[in-house]
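Visitor: I should like to understand how the aromatic rings of a protein are described. Please show me an example.

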Amino acid sequence: ASAPALQFANGWLDVPIQPPPGGTTPSGEGYSYSANDASVGDLDGDGRYEFVLKWDPSNAKDNSQSGYTGNVYVDAYTLTGARLWRIDLGRNIRAGAHYTQFQVYDYDGDGDAEVAMKTADGTRSGTGQVIGNGSADYRNSSGYVLAGPEYLTMFDGRTGAALSTVDYDPPRGTVSSWGDSYGNRVDRFLAGTAYLDGQRPSLIMARGYYTRAVVAAWDFRDGTLRKRWTFDSNASGNGAAAGQGNHQLSVADVDNDGRQEIVYGAATIDDNGRLLYSTGNGHGDALHVGDLDPSRSGLEVFKVDEGGSKPSSWMADARTGQIIWQTAPNGDNGRGVSGDVWAGSPGAESWSSAADGLLNTRGQNVGRKPSSANFLIWWDGDPVRELLDATKIDKYGTGGETRLLTGSGVASNNGTKSTPALSADLFGDWREEVVWRTSDSTALRIYSTPVSTGLRLPTLMHDPQYRVAVAWQNTAYNQPPHPGFFLGDGMSTPPAPNIYLR
């Protein structure tokens with residue numbers, strides 16, 4: 001028996017946060033700041049999570065949009081709202097969903113989490129260290145940063161100090177080699193964390209997915225970042241991975257060898273940095289990897305596609321890439337979800353914007369499509385997952401949704417994606433908390449379920465696939481985390497997690 005799971009007296013807990021001051025761009029545009037994506041890690045080794053929070057300026061841009069942006073800031077806060085540090089990424093890091101993918105994880109096994117992200121000349125650490133040339137300004141007249149050095153920095157979670165800075169891999173090289181000449185596709189970045197040796201985490205940093213795709217794995221040991229391997233779709237034998245990346249990645253042990261792979265959209269890279277397979281179905285906006293069909297052995301991949309000639313959505317064997325089912329082409333399919341949201345059909349249900357109905361594990365239409373297709377959450381007492389969209393949680397039903405929670409005084413992030421700052425199992429049982437910013441960005445408001453449950457499971461953060469999914473959740477177009485086992489109606493007892501301690 002363990003202590004009761006944490007509950008909040010009024011249904012939520014506010015973590016006070018401190019917005020950076022606004023500013024003015026070189027073109028005279030004023031901007032302010034809103035809290036954006038968040039992650040968690042035990043930064044100070046006290047056994048409790050701290051928050052790492054990215055601040056986006058009001059003029060943040062999609063890569064396809066020209067214009068200057070304000071600086072990006074990254075803060076760390078305790079659960080009581082004490083700010084541990086603030087990192088200023090500086091004028092040479094542009095603001096927007098595709099630029100700053102930050103990872104929070106204990107990479108060296110010392111009990112304190114580190115924070116990793118792409119940096120540039122003028123980045124200022126949490127202790128005031130300036131990386132590179134602090135006076136350099138590489139912004140062009142369109143606001144893009146297409147010149148100057150690019151770095152990868154590992155920061156100390158306790159202090160925000162820069163521990164190790166290396167050249168970012170891969171360098172931008174010739175801008176047009178990534179798919180256009182004005183700076184859109186060259187600066188599409190992804191990030192993750194993976195147990196490539198089965199025991200210790202490695203940092204994954206990536207660039208490009210519309211054409212060339214490059215993924216680099218780094219180890220952080222003894223205070224130093226060291227390259228483990230680089231995968232490049234331009235290299236011999238890797239061409240099938242070109243153009244297959246999504247606006248996010250996933251990490252999972254797809255071949256059940258105890259080591260995790262990188263599911264890079266429609267292609268998967270083995271733990272050794274070699275191409276495992278490519279489905280050839282191309283780029284898309286949403287990706288789900290888990291034991292979506294418990295009647296089959298292993299894991300499955302569900303993905304939606306953007307290409308008008310490709311299947312609008314599909315499910316594949318995560319080990320081989322063999323397509324299990326697919327839906328007809330239907331243009332740019334912008335959103336898609338897979339999870340067990342209805343007990344009336346075994347395994348996960350899948351649905352998407354450009355395909356009709358709710359599809360079962362064989363791709364058959366079994367009912368009404370849910371009203372949202374952005375995020376999922378385990379909230380009530382049964383193992384069926386709920387719908388999380390904007391600032392509300394709904395229970396799917398064949399005749400319509402039932403509202404379980406409406407957030408008060410809060411706002412979602414990332415435009416039409418309507419994602420929370422974070423959703424994860426943070427406080428003691430297998431249900432997930434949801435973290436939204438307050439409407440004025442003065443607090444992170446954490447909601448925890450008030451519903452008791454008779455289902456006893458280990459904390460999801462002890463599942464290796466789920467834990468690294470929480471680490472990559474903030475990457476580009478945020479997606480919900482999945483464990484490495486089936487959690488849903490009719491589930492069997494999951495295997496004990498295989499965890500290594502230093």
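**Aromatic rings and their partners**

Guide: Both Tyr168 and Phe189 are buried, that is, under 20% relative accessible area (exposed is over 50%, partly exposed in between; 1.4 Å probe, protein chains only). This is a predicted model, in which local features need pLDDT of at least 70, side-chain atom pairs count only at pLDDT 80 or more, and totals for chains, interfaces and linings use all residues. Residues are numbered from 1 along each chain as its sequence is written, and side-chain values use heavy atoms, with hydrogens and water left out.

Visitor: Why are Tyr168 and Phe189 called an edge-to-face aromatic pair?

Guide: Rings of Phe, Tyr and Trp (its six-membered ring) pair if their centres lie within 6.5 Å; planes under 30 degrees apart count as stacked, over 60 as edge-to-face and the rest as tilted. The centres of Tyr168 and Phe189 are 5.5 Å apart and the planes stand at 85 degrees, so the pair is edge-to-face.

Visitor: What makes the pair of Phe302 and Trp325 tilted?

Guide: Their ring centres lie 6.0 Å apart and their planes are at 40 degrees, so this pair counts as tilted. Both Phe302 and Trp325 are buried.

Visitor: How do you know that Arg385 lies over the face of Trp378?

Guide: A charge sits over a ring if NZ of Lys or CZ of Arg is within 6 Å of the ring centre and within 35 degrees of the ring normal. Arg385 lies over the face of Trp378 at 3.7 Å from the ring centre, and Arg86 lies over that of Tyr73 at 5.7 Å.
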